[in-house]
Amino acid sequence: MNTPAKIEINAVYKTFNEGAKAIQALDNANLAIQPNEFVTFVGASGCGKSTLLRMIGGLETQSSGEIRVNGQPIDGPGVDRAMVFQHYSLYPWLSVTDNIKFCRQLKAHSRDRTSADVEKAAGRADALLHLMGLSHVPTAYPNQLSGGMQQRVAIARALMSRPEILLMDEPFGALDAQTREVMHDLIRHVHRIEGSTIVFVTHDVEEAIYLGQRIVLMAPRPGRIDTIYEVPLPAERNQDMKLSPEFLALKREILVRIRETSGMKTDLEQLERLSAQANQSEA
Ligand SMILES: Nc1ncnc2c1ncn2[C@@H]1O[C@H](COP(=O)(O)OP(=O)(O)O)[C@@H](O)[C@H]1O
Ligand SMILES: [Mg+2]
């Protein structure tokens, strides 16, 4: 028997608003994501990436169609799925360690928590501090940390309940390029160690290729899945691969397709026409 898909997206449509103001955010999205896969979603802004991710997270409902996790239709958020957003969303009044421990699952069961549970949680928090390179700042408060360090705490907190699925929406979008590179290697390490299935949304093509085993290219108006690419890189990656011919060829292919599908090409053509006209009238 085949292993069932971790996440199945079947004929999913989403419309925001009604009548003249209706926005077709997703038009017939179909995709199966396998256990322990690392899938990246890339595309111009407004093509429905966040909407689809939020639906997998159970934070948004589809207008029609179905999303299944482990074969079961999604019914709201669950501890099997954790989300990380661009904004770190930490509790400023809690230390790094307490932020990490403050997870939904522990809170939900706090009444019947035993001392063994507390010990287990402390052990897990410790392991995550190490995994995320935070073991030297356990008592620091978020405002004492750089953006990169704050996002490490947010990821550690998301991992606390051992989610099977990690949903990340442009989590490194606010970080500088160097910090982002470090985070890329870190999140790939987390993927290996934790064995989670990762769905990662970005508008950065290089990030999408470096991280993903498969890239789902989305296109706007209506928001839809346009093309799926297999990334021709080995499982073990390093920053030098970003300059390899396979990497650069895929990057070019995806950038061209984004331009084609997002209307950018027409904008550029229009600009060229306008400047040609301007040149003519000057001559
Ligand atoms: N809550 C909402 N109400 C109305 N329109 C929305 C809402 N959320 C998203 N949209 C619209 O749906 C489309 C897809 O948005 P989104 O999923 O955020 O795209 P992306 O993450 O790819 O930039 C956009 O046109 C956006 O304006
Ligand atoms: Mg978005």
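Q: What makes strand E3 and strand E9 a pair in this predicted model, and in which sense do they run?
A: Strand E3 (residues 38–42) and E9 are joined over four bridges, in the parallel sense. Two strands count as paired when at least two bridges link them, and E3 and E9 have four bridges, so the two strands qualify as a pair. Within this pairing, Val 39 stands opposite Arg 214 in E9.

Q: How do you know that E9 also pairs with strand E10, and is that pairing parallel or antiparallel?
A: Six bridges join E9 to strand E10 (residues 224–230), and the two run antiparallel. The requirement is at least two bridges, so this too is a pair. Here Ile 215 stands opposite Tyr 229 in E10.

Q: Why is E9 described as largely enclosed?
A: Strand E9 covers residues 214–219, and five of its six residues are buried, so the rest of the structure largely encloses it.

Q: What makes Arg 221 in the hairpin of E9 and E10 noteworthy?
A: The hairpin has four residues between its strands, and Arg 221 lies in that loop. Arg 221 has a positive phi of about 50 degrees although it is not a glycine. In addition, a cis peptide bond joins Arg 221 to Pro 222, and Pro 222 is found in the loop between E9 and E10 as well.

Q: How do you know that the peptide bond between Arg 221 and Pro 222 is cis?
A: The angle to consult is omega, which is about -5 degrees for the bond that joins these two residues; the bond is accordingly listed as cis.

Q: Why is Arg 221 called partly exposed, whereas Gly 223 is called buried?
A: Arg 221 has 15 other C-beta atoms within 10 Å. A residue is buried at 20 or more and exposed at 12 or fewer, so a count of 15 falls in between and Arg 221 is partly exposed. Gly 223, in the loop between E9 and E10, has 23 C-beta neighbours inside 10 Å and therefore counts as buried.

Q: Which residues does Gly 223 touch, not counting residues up to four places away in sequence?
A: Gly 223 touches Gln 24, Ala 25, Leu 26, Asp 27, Cys 47, Gly 48, Thr 51 and Met 218. The C-alpha atoms of Gly 223 and Ser 45, 178 residues apart along the chain, are separated by 10.0 Å.

Q: Which residues come nearest to ligand 1?
A: The shell holds 13 residues, of which Phe 16, Ala 25, Lys 49, Ser 50 and Thr 51 come nearest. Strand E2 (23–33) and helix H1 (49–56) are the elements that give two or more residues to this shell. The largest share, three residues, comes from H1.

Q: How many of the residues around ligand 1 are nonpolar, polar and charged?
A: The shell has four nonpolar, eight polar and one charged residues.

Q: Why is Asn 17 called exposed?
A: Asn 17 has 9 other C-beta atoms within 10 Å. The limit for an exposed residue is 12 or fewer, so Asn 17 meets it. Asn 17 is found in the loop between strand E1 (7–16) and E2, and has a positive phi of about 65 degrees although it is not a glycine.

Q: How do you know that the length of helix H5 agrees with what is expected of a helix?
A: Helix H5 has 13 residues (147–159), which at 1.5 Å a residue should span 18 Å; the end C-alpha atoms are 18 Å apart, so the two values agree.

Q: What makes H5 mostly covered, and which elements cover it?
A: Of the 13 residues of H5, 10 are buried; among them are Val 153, Ile 155 and Leu 159. The cover includes strand E6 (81–84), helix H2 (96–101), helix H4 (115–131), strand E7 (165–169) and helix H6 (177–194).

Q: Why does Val 190 count as buried, and which residues are in contact with Val 190?
A: Val 190, in helix H6, has 20 other C-beta atoms within 10 Å. The threshold is 20 or more, so Val 190 is buried. Leaving aside neighbours within four places in sequence, Val 190 is in contact with Leu 131 and Leu 159.

Q: Why is the protein called as compact as a globular protein of its length?
A: The protein has nine helices and 10 strands. Its radius of gyration is 21 Å, close to the 19 Å that the globule rule gives for 283 residues, so the description applies.

Key:
Residues are numbered from 1 along each chain as its sequence is written. Chains are lettered from A and ligands numbered from 1 in the order in which they are written. This is a predicted model: local features need pLDDT of at least 70, side-chain atom pairs count only at pLDDT 80 or more; totals for chains, interfaces and linings use all residues. The expected span of a helix is 1.5 Å times one less than its number of residues. Two residues are in contact if their C-beta atoms, placed from the backbone, lie within 7 Å. A residue is near a molecule or strand if its C-beta atom, placed from the backbone, lies within 6 Å of it. Ala, Val, Leu, Ile, Met, Phe, Trp, Tyr, Cys and Pro count as nonpolar, Asp, Glu, Lys and Arg as charged, and the others, Gly among them, as polar. The radius of gyration is taken over C-alpha atoms; the globule rule is 2.2 Å times the number of residues to the power 0.38.
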